[in-house]
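Good morning, and thank you for joining this meeting. I would ask you to keep the structure in view while I go through its contacts, its core and its pockets.

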Amino acid sequence: MEKAISGCFFQQMYSSLTGISMERDHMKDLRRYLVLKYIQYLVLSSSNAVSTLLGLLGSLYVTIILQSAKVSSKSTTVLIASLAKADILVSVSVAAEMVAWTFDVAISSPAFASALLQNLLTANAHISALLLSCVALEAYLITFFPTESRHLRTVKNARRTSRIIWLLVAAECILLQTDDLLKAGGAPAPVCSPLVFHFSSSAAALLRTLSYFLGILLRIVNVYFYYKIFFSMSNRSALKTK
């Protein structure tokens, strides 16, 4: 009986939230969400507690409104949905830290656990930055090459791009986690040979350097895209007013 009442309560709460979101302008909400994410990952040098909390709440809200039938399934929507899912990694990391701090959980390998939680946050930041850049590229193509790029801006390609980004970042985090494990001395003796250790350390260092410069490049590219879009829209508005 209690389970049935609890289930009805959460179902009604979800329905009410969905109903509220259906009354709003979805496109405006999605644009606000993208602005929040751009500030969080491509403007700020590093996320803080406030931006992380706002990002989690925004992702939760976007996940709810994307269930609405009024939101059309387009390539941009697919990228935004994948962007919202990336915050699951942040939720896992934050929840694990809160459980360990609240209940004073003893961890057998604190160095490994700390590196894992940090790599989850790194994965979230890299996935989000790449997906936001894809959204910016799509906006640029829609503005300047709407007809020529139509065959590229499909739901199928957006899903494929999202999967590729997730797989690449997952491979990155596996390599970084392996390097952290070897440095902590938690790997078996046959695995932790000097040759394997040197290769893992060199590959991880190279990957971190590439990620750093890629982050700078993505910021520059995103600024360029929206700079061009902004002045293109401004010129069109000026011509209409004449």
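Thr77 touches Leu66, Val71 and Ser72, once residues up to four places away in sequence are set aside. The residue itself is found in helix H4. Please note that we are looking at a predicted model. Is Thr77 buried or exposed? Its relative accessibility is 15%, below the 20% cut-off, so Thr77 counts as buried.

Helix H4 also holds Ser93. With a relative accessible area of 1%, Ser93 is buried. Which residues does Ser93 contact, leaving aside its neighbours within four places in sequence? They are Leu117, Leu120 and Leu121. For one of these, Leu120, I can give the separation: 27 residues in sequence, and 6.7 Å in space from C-alpha to C-alpha.

Let me now place these residues in the chain as a whole. There are 7 helices and 0 strands, and from the N terminus on the order reads α-α-α-α-α-α-α. Of the 242 residues in the chain, 32% are buried. If one takes the contacts between residues at least 6 apart in sequence, 80% of them join residues at least 24 apart.

I turn to the nonpolar core. In soluble globular proteins, nonpolar side chains tend to be buried together. In this model, the largest nonpolar core has 34 residues, and those touching the most other members are Leu34, Tyr38, Val62, Ile127 and Leu132. At least two residues of this core come from each of H2, helix H3 (49-65), H4, H5, H6 and H7. Which element gives the largest share? That is H5, with 10 residues. As for Val62, its contacts beyond four places in sequence are Leu30, Tyr33, Ile80 and Ala84.

Next, the aromatic pairs. The count comes to 9. In one of them, the rings of Tyr140 and Tyr224 have centres 6.3 Å apart and planes at 40°; this angle lies between the 30 and 60 degree limits, so the pair is tilted. Tyr140 belongs to helix H5 and Tyr224 to helix H7, and the pair thus links distant parts of the chain, 84 residues apart. The two partners can be described by their accessibility. Tyr140 is buried, at a relative accessible area of 14%, whereas Tyr224, at 41%, counts as partly exposed.

Tyr140 has a further partner in Phe225: this aromatic pair is also tilted, with 4.8 Å from centre to centre and 35° between the planes. Because Tyr140 lies in helix H5 and Phe225 in helix H7, the pair ties together parts that are 85 residues apart in sequence. Here both Tyr140 and Phe225 are buried. Taken together, ring pairs link Tyr140, Phe144, Phe145, Tyr224 and Phe225 into a cluster.

I come finally to the empty space. Rolling a probe the size of a water molecule over the atoms shows where such space is left. How much space lies in the largest pocket? The figure is about 1,100 Å³. This pocket is lined by 40 residues, and the closest to its centre are Leu121, Thr122, Asn124, Ala125 and His126. Leu121 has already appeared in this talk, as a contact of Ser93. The elements that each supply at least two residues of the lining are helix H2 (26-43), helix H4 (75-102), helix H5 (110-144), helix H6 (155-184) and helix H7 (194-241). By class, the lining divides into 22 nonpolar, 13 polar and 5 charged residues.

The second largest pocket has a volume of about 780 Å³. Among its 25 lining residues, Met27, Arg31, Thr76, Ala139 and Ile142 lie nearest the centre. Two or more residues of this lining come from each of H2, H4, H5 and H7. Helix H2 gives the largest share, with 7 residues. The classes here are 13 nonpolar, 6 polar and 6 charged.

To close, I return to helix H5. Helix H5 gives the largest share of the largest nonpolar core, holds Tyr140 of the two tilted pairs, and supplies residues to the lining of the largest pocket and of the second largest pocket. Thank you for your attention.

Terms used:
Residues numbered from 1 in each chain as written. Predicted model: local features only at pLDDT ≥ 70, side-chain atom pairs only at ≥ 80, totals over all residues. Heavy atoms only, no water. 1 Å grid on protein atoms, 1.4 Å probe; cavity = no way out; pocket = protein on both sides within 12 Å on 5 of 7 lines; lining within 4 Å. Points joined across faces, edges and corners; volume = space filled by probe spheres on them. Helix = DSSP H or I, 4+ residues; strand = E, 2+ residues; numbered from the N terminus. Nonpolar A, V, L, I, M, F, W, Y, C, P; charged D, E, K, R; others polar. Core = buried A, V, L, I, M, F, W, Y, C linked by side-chain atoms within 4.5 Å. Buried < 20%, exposed > 50% of the residue type's maximum accessible area, 1.4 Å probe, protein only. Contact = heavy atoms within 4.5 Å. Phe/Tyr/Trp six-rings, centres within 6.5 Å; stacked < 30°, edge-to-face > 60°.
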